[in-house]
Amino acid sequence: MRYVIIGSGVAGIAAIEAIRSIHPVPARGTDGGEVQIVLIGDDPYGFYSRPGLAYYLTGELHDKALFPRTAEELRKLDFRVINGRVTRILRAEHALEVEGQPAVSYDRLLIAVGAQALPLEIPGADLEGVVKLDHMADAKRILKQARRGRTAVVVGGGITALELAEGLLSRRMKVHYLLRGDRYWSNVLDERESRIVERRLQEEGVTLHHHAEAIEVIGRNGKVSGVRLLNGETLACDLVAYAIGIRPRTDLAKQAGLAIDRGILVNEYLQTNDPDIFAAGDVAQAYDPLSGRSILDSLWTPARQQGYAAGLNMAGRKTAYIKAPPFNVTRLAGLTTTIIGTVGRGRDDDLVGIARGDSETWRQLPDSMVAQTGFEVNRLRLLVGEKTLLGAIVMGDQKLSLPLENIISGSVDITPIREKLLIPDARIGDIVAEFWASRKS
Ligand SMILES: Cc1cc2nc3c(=O)[nH]c(=O)nc-3n(C[C@H](O)[C@H](O)[C@H](O)COP(=O)(O)OP(=O)(O)OC[C@H]3O[C@@H](n4cnc5c(N)ncnc54)[C@H](O)[C@@H]3O)c2cc1C
């Protein structure tokens, strides 16, 4: 049985770990020839933490700290690595074409090729000095070009754009940050949260431009020299960094005739419409039996969990992947922020959203996550459903994030506290903390 995995990201590696949990590496001298695992990846740096790239940019992490597995740990999983790009899946032959290399046959295939940054499609976007943050190579390119005293323009409204702005700022560049709308990340954060982030950015020295859209990158001798905005203004700069969204890499699947929508469609066993081909991670749009919908996730933990479940299923142990509510810890302008479950605006009209600022008691909650203290901002926002909490944003002090994750992912009945939470100006942090403590005792 030959298992082939395309993509050396977290989904691909987790799949190998799962396959090895069922087919352990045979002891030396015994015949283990019946199971082969082959990993084909086109990233010369192999398996590393892509979320960690932001900390590498700011200089908080050395590139050596970005590798979640040591060479020895990977070696123990006993798989063959082919460095190269898969260009075609030949389903009838159960084989793959790899650029410049012999074809590779498979019995079971996992497509774990992730998502890629959307390109900046304006004139001048191909000039030297226009950069994105997708791979390790991008991060190294940015570091080469980021020089003290020079000026950067950052384009994009989400976390990665913010990470770019902060990374360049920490390299002592002057940073202009262009926001298309009237505030930062408005489809996830509420007005107050956006303003908290923006104020902190401004305090750090970032120049914010609202309602600003780049329409052209201007160059001199092939290099960036400025950005022209829709309002006619031109900003002189030496670097343009953009993060305007991502797109699952569905080309291989499309060419192979697999079912795709926004990502590769897979059932709860991560299996495509071809029973020998699986997909996991950022590229997969997985069926969620709980909601009856196919969902695209673009986060590290779901990618790992999907990869692991896919590996088990490939090796014959039927295991459904059940999506947990999203739980994402990130840092927005230096402020630790946890986003749990549903928090965005728009879809869920029947939800009640409440948000409150600082409060003392919940910072002393004994059994929760290690707190990051010393913030001057602490803010909690809850999305209160009929009987359960559906989402939360915890900014600053993190003592409540793990209890809230448990309450939200466990669909805990909050009837005892729902009314109290909805009283205007209620100390919602305290109420949640007491509720959690009473459940634990
Ligand atoms: C800058 C940045 C910050 C992020 N921050 C966070 C965060 O704070 N929290 C969070 O949860 N997530 C974050 N993410 C997202 C997270 O990194 C991804 O969800 C996760 O890495 C997805 O893993 P994956 O294995 O599906 O895909 P990937 O990690 O993208 O791995 C896919 C691999 O397949 C390779 N590949 C693609 N096509 C081919 C081919 N044809 N042949 C061979 N190989 C191929 C790619 O080069 C890549 O190495 C961040 C991502 C980035 C880029």
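**Salt bridges, cores and a small sheet: a chat about the model**

Colleague: How many salt bridges does the count come to?

Modeller: Happy to start there, and keep in mind that this is a predicted model. A pair is counted when a Lys or Arg side-chain nitrogen lies within 4 Å of a carboxyl oxygen of Asp or Glu. By this rule, the total is 23 salt bridges.

Colleague: Which residue meets the side chain of Arg69 in a salt bridge?

Modeller: Arg69 sits in the loop between helix 2 (53-58) and helix 3 (71-76) and counts as partly exposed, at 28% relative accessibility. Its N to O distance in the bridge is 2.7 Å. The partner lies in helix 1 (residues 10-22), 52 residues apart from Arg69, so the pair links distant parts of the chain. That partner is Glu17.

Colleague: Arg199 and Glu203 form a salt bridge too, so what separates them in helix 6?

Modeller: The closest N and O atoms of Arg199 and Glu203 are 3.9 Å apart, which is within the 4 Å cut-off. Arg199 is partly exposed at 43%, whereas Glu203 is exposed at 59%. Because the two are four residues apart in helix 6 (residues 191-204), the separation is about one helical turn.

Colleague: Which strands are tied together by the pair Arg228 and Glu216?

Modeller: The side chains of Arg228 and Glu216 meet in a salt bridge of 3.2 Å, N to O. The two residues are 12 residues apart in sequence. Arg228 has a relative accessible area of 31% and Glu216 one of 26%, and Glu216 counts as partly exposed. Arg228 lies in one strand and Glu216 in another, so the pair ties together strand 14 (residues 223-229) and strand 13 (residues 214-220).

Colleague: Which residues do salt bridges that share partners join into one network?

Modeller: Here the bridges are linked through shared partners. Side chains of opposite charge can pair when their charged atoms come close. The network's members are Asp190, Glu193, Arg379 and Arg381.

Colleague: Turning to the interior, which helix gives the most to the largest nonpolar core?

Modeller: In soluble globular proteins, nonpolar side chains tend to be buried together. The largest nonpolar core here has 50 residues, and those touching the most other members are Ile40, Ile89, Leu96, Leu109, Leu110 and Ile111. With six residues, the helix that gives the most is helix 1.

Colleague: How many residues are in the second, separate core?

Modeller: Among its members are Leu162, Val188, Leu332 and Met395. This core is separate from the largest one, and its size is 44 residues.

Colleague: Which residues of helix 4 are buried?

Modeller: Buried here means under 20% relative accessible area. What covers the buried residues of helix 4 includes helix 2, strand 9 (130-132), helix 5 (159-170) and strand 16 (239-242). In helix 4 (residues 136-145), the buried residues are Met136, Asp138, Ala139, Ile142 and Gln145.

Colleague: Which are the edge strands of the open sheet of three strands?

Modeller: The sheet has the order 18-20-21, with mixed pairing. Strand 18 and strand 20 (residues 284-288) pair in the parallel sense over three bridges, and Ile264 has Ala284 in strand 20 as its bridge partner. An edge strand pairs on one side only, and that applies to strand 18 (264-266) and strand 21 (293-296).

Note on methods
Residues are numbered from 1 along each chain as its sequence is written. This is a predicted model: local features need pLDDT of at least 70, side-chain atom pairs count only at pLDDT 80 or more; totals for chains, interfaces and linings use all residues. Side-chain values use heavy atoms; hydrogens and water are left out. Buried means under 20% relative accessible area, exposed over 50%, partly exposed in between (1.4 Å probe, protein chains only). A nonpolar core is a set of buried Ala, Val, Leu, Ile, Met, Phe, Trp, Tyr and Cys residues joined through side-chain atoms within 4.5 Å. Two strands pair if DSSP finds at least two bridges between them. Contact means heavy atoms within 4.5 Å.
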